Amino acid sequence: MISKKMQEALNAQINAEYYSSYLYLSMAAHVRAINLDGFAAWLRIQAQEEMIHAMKMYDFVLERGGRVSLTALEGPPTEWASPTAIFEATLEHERYVTDRINKLVDLAIAGSDHATNAFLQWFVNEQVEEEANAEAVLQKLRLMADAPGGLFMLDQQLGQRPAASAASAAANASGAA
Ligand code: FEO
């Protein structure tokens with residue numbers, strides 16, 4: 001049975017994961033409106049991954065005999081100055097999520113909740129990838145700042161991102177889950 005404190009913290013993280021999904025969906029809509037369809041596809045898959053993260057926590061809370069309490073989502077921003085600004089915001093957001101996950105691990109350890117600690121290790125590893133993905137795109141955007149056509153090429157590349165379910169299955173196969 002999960003402690004009340006841990007249950008509340010995981011419920012708050014379910015909300016944070018859904019907010020992440022909402023944020024990336026909003027970014028996807030923004031870039032779609034300026035015809036960066038590859039960026040939009042990438043961000044849409046990112047939004048789906050966040051829903052998978054939320055559902056992993058949702059299922060874990062239920063599995064441990066806890067209660068899931070869904071709460072209102074904050075509205076995400078709807079406009080960004082540029083694709084670079086979007087990926088700066090993405091990296092900043094993922095660092096924030098990493099900090100939240102680390103605090104959840106701290107809470108699990110403090111409460112000798114080994115099951116939740118073990119469960120959260122998937123998220124610890126996932127955050128390394130989440131930050132690296134955002135950083136990789138951001139570095140490309142910064143490098144090609146003055147190169148005409150670079151945005152078009154990057155858009156094509158980002159459009160090749162595999163669907164969230166495939167990415168998730170690959171993570172499972174490599175032992176990350
Ligand atoms: Fe659910 Fe992007 O971390």
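Helices (H or I, at least four residues) and strands (E, at least two) are DSSP runs, numbered from the N terminus. Under that definition, Asn 35 lies in the loop between helix 1 (4-33) and helix 2 (37-63).

This is a predicted model, in which local features need pLDDT of at least 70 and side-chain atom pairs count only at pLDDT 80 or more, while totals for chains, interfaces and linings use all residues. Residues are numbered from 1 along each chain as its sequence is written, and side-chain values use heavy atoms, with hydrogens and water left out.

**The chain as a whole**

The secondary structure amounts to six helices and zero strands, which gives the pattern α-α-α-α-α-α when the chain is read along its sequence. Along the principal axes, the C-alpha atoms occupy a box of roughly 55 × 35 × 25 Å. The radius of gyration (taken over C-alpha atoms, with a globule rule of 2.2 Å times the number of residues to the power 0.38) is 17 Å, which agrees with the value near 16 Å for a compact globule of 177 residues.

Of the 177 residues in the chain, 45% are buried, where buried means under 20% relative accessible area, exposed means over 50%, and partly exposed lies in between (1.4 Å probe, protein chains only). Contacts, defined as heavy atoms within 4.5 Å, are dominated by distant partners: among those with a separation of 6 or more, 81% join residues 24 or more positions apart. The accessible surface (Shrake-Rupley method with a 1.4 Å probe; for residues, only the protein chains shown count as cover) comes to about 9300 Å², and carbon and sulfur atoms hold 56% of that area.

The chain carries 13 positive and 22 negative side chains, and the centres of the two sets are 5 Å apart. In this count Lys and Arg are positive and Asp and Glu are negative, whereas His and the chain ends are not counted; the place of a charge is NZ of Lys, CZ of Arg, CG of Asp or CD of Glu.

**Two helices and the residues after them**

The expected span of a helix is 1.5 Å times one less than its number of residues, and the table sets this value beside the span from the first C-alpha to the last.

| Helix | Residues | Span | Expected span |
|---|---|---|---|
| Helix 2 | 27 residues | 39 Å | 39 Å |
| Helix 3 | 28 residues | 41 Å | 40 Å |

Just after helix 2, Gly 65 takes a positive phi of about 80°. Ser 112, just after helix 3, likewise takes a positive phi, of about 50°, although Ser 112 is not a glycine. Ser 112 belongs to the loop between helix 3 and helix 4 (114-143), and counts as exposed at 52% relative accessibility.

Asn 35, in the loop described at the start, has a positive phi of about 65° although it is not a glycine, and is exposed, with a relative accessible area of 59%.

**Two positions within helices**

Gln 7 is placed in helix 1 and counts as buried, at 13% relative accessibility. Apart from its neighbours within four places in sequence, Gln 7 contacts Ile 2, Val 61, Gly 66 and Arg 67.

Ala 118, by contrast, is found in helix 4 and counts as exposed at 52% relative accessibility. Ala 118 and Ala 108 are separated by 10 residues in sequence and by 9.2 Å in space, C-alpha to C-alpha.
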